[in-house]
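Q: Please take a close look at a single part of this structure, the place where two helices from separate chains pack together, and describe it with care.

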Amino acid sequence: MIMTMVQAINRALAGELERDDRVVVFGEDVGRDGGVFRATEGLFDRFGPARVMDTPLAESGAVGAAIGMAALGLRPVPEIQFMGFIYPAFNQIVSHVARIRNRTRGRFTAPITIRTPYGAGVKALEHHSESTEALFCHLPGLTVVVPSTPYEAKGLLAASIRSDDPVIFLEPTRLYRAEKQEVPEEPYEVPLRQAAVVREGRDLTVVAWGAMIPVARETAAAAEAQGVSVEIVDLRTLSPMDRSTILASVRKTGRAIVLHEAPKTCGLGAEIAATIGESALLSLKAPVARVTAPDITVPLAKREDLYYPNPDRVLRAVRRLMEY
Amino acid sequence: MIERFDPLKGERLRILDEEGRAAPDLDPRLADDLLRTLYELMARTRLADTKALRLQRQGRMGTYAPSLGHEATQVGLAAAMSREDWFFPYFRDLGAFLTLGFPLADYYHFWMGNEAGMRTPDGLNIFPISIPVGSQIPQAVGAGMAAKYRQLPIAVVATFGDGATSEGDFHEGLNMAGVFHTPNVFVCLDNQFAISVPRARQSAAPTLAQKAIAYGFAGVQIDGNDVLAVFAAAREALATARSGGGPTLIEAFTYRMGDHTTSDDASRYRSKDEVQQWERRDPIARFRQYLQGRGLWSEAFETEVQARAADLVEKAVAEAEARPPASPDDIFAYTFAVMPPDLAAQLAELKATLPGGAR
């Protein structure tokens with residue numbers, strides 16, 4: 001069936017609610033309203049208010065509650081309406097979700113999937129456009145996942161909900177309805193912790209994820225016209241990171257650009273560049289480049305186009321590396 | 001009984017007066033064995049607590065948060081719980097842990113800085129000690145929601161201090177409990193201090209119990225140094241929770257007789273007079289007088305109780321100190337369900353730096 005990413009996410013939630021009665025979905029507006037992006041549309045009617053719950057507007061309360069639910073054997077899937085509103089729950093995520101397995105030597109675990117839309121590019125209000133994935137990648141115990149297509153979104157979300165580890169599942173709002181794709185009806189998993197080479201190339205590797213994958217593809221097409229063959233690695237799981245796929249690609253191409261829409265300093269690009277420097281230095285024909293947002297607050301809607309990387313900016317980096 | 005004491009009118013449930021005389025219309029008339037058990041658990045808690053302080057002073061234990069003065073609330077609450085109920089504690093709950101059957105050696109381990117004590121034994125529904133203040137409250141609410149979803153006739157208890165009632169998680173948790181009508185019992189050990197900050201700086205509300213009214217459920221203030229009041233209130237609130245009657249907030253009015261932790265010096269911010277006044281309300285001495293009045297306490301009984309407690313404490317200390325610290329493998333093992341290759345490499349790197357390889 002042809003569908004958008006937000007529809008694929010909806011199907012993944014429905015599929016997991018159907019196959020496992022330990023799964024419960026909850027958050028602000030996820031019930032009767034079906035979510036502000038319609039990701040949970042129809043689930044309330046189909047699975048009932050005991051499994052698809054509107055909660056009070058309380059992010060820490062919802063994530064904290066998920067931990068207690070997990071202790072009694074449930075697989076909670078709380079939704080935070082936008083990543084910009086996840087911070088009240090940060091204490092629960094840092095102090096408990098990420099470490100309850102360790103804190104109890106495995107007696108209690110947190111098979112919790114926290115879904116939240118994130119990223120710029122939809123001309124939303126202030127606090128609706130940030131990409132703070134690096135905050136979560138820094139925390140031992142968390143798995144951080146970002147899909148880039150409808151097919152991947154459905155399979156990665158199913159795998160996240162079935163995972164025995166807590167997952168921060170970041171949904172690029174810019175991609176929710178950007179493309180339609182054939183997505184199988186039946187449930188399936190796209191494996192966690194595995195990056196994918198989504199475009200093969202010879203001369204240069206672009207490492208990206210989420211909403212930057214279409215930017216990377218556009219860049220690659222333009223570079224191809226100029227005779228440069230670009231390989232794209234879609235990280236998919238940001239943490240724990242699949243370093244071997246990155247390194248294999250860079251060892252092949254000898255050049256690497258890390259592309260992300262989060263600010264540069266201490267962004268995930270720094271970790272990836274360091275990984276390449278540690279393990280593939282002698283394969284490099286040019287320094288690793290980072291194409292990222294600047295270290296500023298995300299501008300409001302009228303100038304957000306200045307903020308996140310576009311194909312032109314990536315292409316400039318491609319030329320720089322090729323001419324190095 | 002709970003609804004007879006209106007926190008908005010400043011009413012507080014108390015069964016034993018300071019001389020250990022029970023109010024005849026309130027005395028729950030517990031069986032003799034249970035009364036003796038409550039006493040023994042309180043005495044055991046005090047001895048185990050005193051020992052922990054001594055171990056800390058001798059450098060054999062890390063920073064420790066003493067329970068002195070809280071024995072009636074901790075023991076009375078836990079004694080009213082069933083084995084199927086769940087407990088989301090805070091960090092000053094020694095008596096509750098002991099009453100629920102948590103091994104004392106494991107409790108000591110945690111404060112000694114040994115991960116070995118952090119696994120709750122199978123069969124005990126006790127969440128680990130929660131240090132980030134108030135964060136256990138929404139967790140207990142989620143457990144209550146899950147109990148409802150799974151139709152388990154159980155109650156879920158969370159404890160916390162007066163300082164926690166100022167935290168956002170207190171509000172978010174109790175508010176959700178009211179909305180979802182969860183089987184929770186929230187027990188605030190209102191011990192007058194959050195480290196040095198007095199109760200009056202936490203809230204302008206005359207009682208903390210009255211906050212429950214705004215969340216749409218019952219709240220009661222009780223004398224936290226009166227084990228009969230604690231037991232009776234907890235038993236009623238637990239029964240309400242288990243039978244679908246929704247949550248209750250119990251404010252146990254008590255006093256932190258010790259320092260906040262061994263890293264604190266309470267004499268910097270409170271007077272000796274104040275502490276001495278509370279010594280006269282000691283929960284164990286008061287209950288002993290009650291037992292004496294009922295012919296349930298004797299010097300011989302006391303000797304037995306103290307001997308058993310000393311034996312238990314000594315064995316726990318020996319066991320805790322004999323256990324080696326966690327291995328390198330162990331401190332890595334519980335980060336993920338399956339260790340990622342990067343982490344395995346970091347573990348190998350760490351082990352390679354240790355003399356003689358892995359230790």
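A: What follows describes that helix pair and the chain contact to which it belongs. This is a predicted model, in which local features need pLDDT of at least 70 and side-chain atom pairs count only at pLDDT 80 or more, while totals for chains, interfaces and linings use all residues. Residues are numbered from 1 along each chain as its sequence is written, and chains are lettered from A in the order in which they are written.

The contact takes 35 residues from chain A and 32 residues from chain B, two residues being in contact if their C-beta atoms, placed from the backbone, lie within 7 Å. On the chain A side, at least two residues each come from H3 (59–71), H4 (90–97) and H5 (100–103), where helices are DSSP runs (H or I, at least four residues) numbered from the N terminus. H3(A) gives the largest share of that side, nine residues.

H3(A) packs against H5(B), residues 136–149, at an angle of about 55°, with the axes 6 Å apart; axes are lines fitted to C-alpha atoms over the stretch in contact, and angles run from 0 to 180 degrees between N-to-C directions. The two helices are therefore oblique to each other, a class left over once angles under 35 degrees (roughly parallel), over 145 (roughly antiparallel) and 65 to 115 (roughly perpendicular) are set aside.

Among the residues making this contact are Gly61(A), Gly64(A), Ala65(A) and Gly68(A) of H3(A), and Ala140(B), Gly142(B), Ala143(B) and Ala146(B) of H5(B).
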